[in-house]
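Got your viewer open and a selection box ready? Load the model and follow along, one selection at a time.

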Amino acid sequence: MTAAAWVTMAAVCGFVWGGAITLVAIAMRKEGRKRQA
Amino acid sequence: MLLAMLSMAVGTGNIWRFPRIAATQGGGTFLLPWAIFLVAWSVPLLICEFAMGKATRKNPIGAFADMIGPRFAWMGAWVALCSTLIMFYYGVVTGWCVRYFTAAVTGELPGAAPGALWESYSGSWWAVLTLVVSLAAALWVVARGVRGIEQSVIVMMPVLIGLVIVLAIRAVTLPGAERGLAFLFTPDLSGLGNSRVWLEALTQNAWDTGAGWGLALTYATYMRAREDTTINGFILGFGNNSVSLLAGIMVLCTVFSIRPEAAGEIVGAGNTGLTFIWVPQLFAAIPGGRLFMAMFFLALFFAALTSLISMIELAARILIDRGMSRGRALVVIAGVALVFGLPSALSTTVLDNQDTVWGIGLMLSGLFFGFAVLKYGVDRFRHEHVNSEGSDFTIGRWWSVAMGLVVLEALVLLVWWFSQSLSAEGLAASVNPFRSFGLGTIVVQWAILLALCLGMNRWLGRPRPAVAPEEAA
């Protein structure tokens with residue numbers, strides 16, 4: 001794999017998967033707080 | 001409810017369509033506009049759909065009429081009918097998944113020659129039978145109401161995601177899998193000047209996430225008031241595209257690992273060739289291949305079925321809002337879906353034609369949602385319906401800008417694509433409505449649907465009370 005392919009893979013996967021995991025974590029934290037309240 | 005919405009979005013578009021489109025549109029070159037349109041098309045539209053559904057508690061026709069006036073009910077009808085027309089052939093594809101899963105389990109696959117099963121099955125009355133089976137399964141779930149849908153996706157979605165992850169891990173650990181990764185992620189910036197790449201990236205996003213289909217709007221009518229619109233829109237978009245990326249890695253790593261010399265032919269094998277002809281051959285060549293093949297087609301079946309359920313729910317919701325009982329609505333839908341699904345079941349050319357016409361038609365659906373928000377007042381819509389009671393996140397002005405961009409993107413891409421198609425095909429070929437994949441067939445079918453929607457506008461726009469969710473369920 002070329003350096004350009006590695007960079008694209010890191011950028012696209014990081015953006016899409018990283019985004020999804022972060023969003024689910026935020027949503028679960030918010031939901032937990034709502035339930036506690 | 002979020003799981004039900006994710007099940008609506010994650011469909012064959014992720015597993016069947018994404019790897020093929022990504023491969024044929026230049027791999028890494030395609031992924032850049034695909035990632036851009038996730039935030040410039042899918043997420044803003046999903047937030048818009050959630051907000052409209054939650055605010056009006058009506059199907060797309062009623063929601064458009066409530067939001068911007070009964071004169072524009074036809075726009076909601078376009079959105080709903082475009083998704084319903086997709087549902088007709090989507091049932092056929094779901095049926096294919098049933099057939100291939102059973103063939104993988106019984107050992108009928110991969111067969112003696114590549115495509116032997118496909119040749120004898122596709123376009124035959126067996127395809128009609130599996131259409132009936134898939135419709136019956138989806139109708140049975142929808143008949144049990146929104147609770148039935150939730151109960152079914154609680155089982156199917158985790159299994160589906162688990163299967164895709166296991167298959168992707170297996171694919172990247174195959175010898176030579178890095179060739180597939182290189183193919184998928186190597187960018188060619190000169191390819192970004194091709195309108196087709198951008199158009200496919202947009203339609204793939206629309207296909208992938210279900211943004212602009214009216215399906216998220218329909219499910220949002222059942223949302224609790226305290227449920228957040230913004231975070232749900234983001235999770236749906238990013239979660240769905242995460243599955244697509246996994247599926248792309250899974251399929252392309254397998255192709256380039258097992259048959260690197262024929263990879264070009266395999267990924268270019270058209271709408272059905274990659275999944276239904278080559279995937280069985282590829283899985284057969286790896287240790288434990290029958291198990292992985294069965295897992296692949298089970299994942300594909302679950303993905304297709306959960307999306308088919310949401311499309312049937314959309315059609316049912318329209319009839320329910322018109323005063324029909326759920327049971328009667330489903331009987332009507334079963335009959336209509338069978339009649340209109342029949343041509344696609346008996347001819348893959350018809351199915352491919354419908355896939356092209358209404359897949360690109362989703363761009364108009366997105367355009368109509370964008371128009372509705374602009375007409376209502378984009379900042380007013382954001383304050384009243386997005387940042388409403390129960391919101392955990394206050395969405396900023398960027399969303400207003402993004403909704404304006406949705407309209408601009410759809411218009412620019414449509415004009416760009418029309419002009420490129422005209423210059424590539426020539427005027428005579430372009431205006432021929434009988435060519436399966438030309439501009440002519442698309443424009444004529446769109447014109448018929450638009451005329452139908454506009455002709456029924458007065459009747460569609462008549463105010464009707466919203467049906468309470470428990471009554472609808």
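What follows is a walk through the two chains, from the overall picture down to single residues.

**Stop 1: colour by confidence.** Keep in mind that this is a predicted model. Its scores are ipTM 0.94 and pTM 0.89. Chain B has an average pLDDT of 88, and 96% of its residues score at least 70. Which elements of chain B sit at the two ends of the confidence scale? Select residues 469–472 of chain B for the low end: that is helix α23, with a mean pLDDT of 47. Then pick residues 326–346 of chain B, helix α16, where the mean reaches 96, the highest among the elements of the chain.

**Stop 2: chain A alone.** Hide chain B for a moment. Chain A contains one helix and zero strands. Its C-alpha trace spans about 50 × 5 × 5 Å along the principal axes. Of its 37 residues, 16% are buried.

**Stop 3: chain B alone.** Now swap the two. Chain B is built with 23 helices and zero strands. Its radius of gyration is 21 Å, close to the 23 Å given by the globule rule for 473 residues, so chain B is as compact as a globular protein of that length. Turn it along its principal axes and the C-alpha trace covers about 60 × 50 × 50 Å. Buried residues account for 57% of the chain. If you like contact maps, draw one here: among contacts between residues at least 6 apart in sequence, 83% join residues at least 24 apart.

**Stop 4: where the chains meet.** Show both chains again. How many residues of each chain are in contact with the other? It is 18 residues of chain B against 18 residues of chain A. On the chain B side, select α3 (28–56), α9 (177–185) and α12 (229–258), each of which supplies at least two residues. The biggest share comes from α12(B), with eight residues. Colour that side of chain B by class and you should find eleven nonpolar, five polar and two charged residues.

**Stop 5: along α12(B).** Stay with residues 229–258 of chain B, the range of α12. The helix has 30 residues and runs 44 Å from its first C-alpha to its last, close to the 44 Å expected at 1.5 Å a residue. Is it buried or exposed? Buried: 30 of its 30 residues count as such, so α12(B) is largely enclosed by the rest of the structure.

**Stop 6: a helix pair.** Select residues 12–24 (α2) and 289–321 (α15) of chain B; these helices pack at an angle of about 120 degrees, with their axes 7 Å apart. For the contact itself, show side chains for B:T12, B:N14, B:I15 and B:W16 in α2(B), which meet B:A299, B:L300, B:A303 and B:A304 in α15(B). By class, the residues here come to six nonpolar, two polar and no charged.

Now follow α15(B) from end to end. Its end C-alpha atoms are 48 Å apart, which agrees with the 48 Å that its 33 residues should span at 1.5 Å a residue. Of those 33 residues, 29 are buried, so α15(B) too is largely enclosed by the rest of the structure. Just after this helix, B:G323 has a positive phi of about 100 degrees.

**Stop 7: an unusual backbone angle.** Most residues other than glycine have a negative phi. With that in mind, select B:R57, whose phi is near 55 degrees, a positive value in a residue other than glycine. You'll find B:R57 in the loop between α3 and α4 (60–68) of chain B. It has 20 C-beta neighbours inside 10 Å, and because 20 is enough to meet the cut-off, B:R57 counts as buried.

**Stop 8: two last residues.** Pick B:Y219 in helix α11 (residues 215–220) of chain B. B:Y219 is buried, with 27 other C-beta atoms within 10 Å. Draw a distance from B:Y219 to B:R317: the two are 98 residues apart in sequence and 9.7 Å apart in space, C-alpha to C-alpha.

Then jump to B:E389, in the loop between α18 (378–386) and α19 (397–425) of chain B. With 6 other C-beta atoms within 10 Å, B:E389 is exposed. One more distance to draw: the C-alpha atoms of B:E389 and B:Y376 lie 19 Å apart, with the two positions 13 residues apart along the chain.

Note on methods
Residues numbered from 1 in each chain as written. Chains lettered and ligands numbered in written order. Predicted model: local features only at pLDDT ≥ 70, side-chain atom pairs only at ≥ 80, totals over all residues. Contact = placed C-beta atoms within 7 Å. Helix = DSSP H or I, 4+ residues; strand = E, 2+ residues; numbered from the N terminus. Nonpolar A, V, L, I, M, F, W, Y, C, P; charged D, E, K, R; others polar. Rg over C-alpha atoms; globule rule 2.2 N^0.38 Å. Buried ≥ 20, exposed ≤ 12 C-beta atoms within 10 Å, placed from the backbone. Expected span 1.5 Å × (residues − 1). Axes fitted to C-alpha atoms, helices over the stretch in contact; angles between N-to-C directions. pLDDT = per-residue confidence, 0-100.
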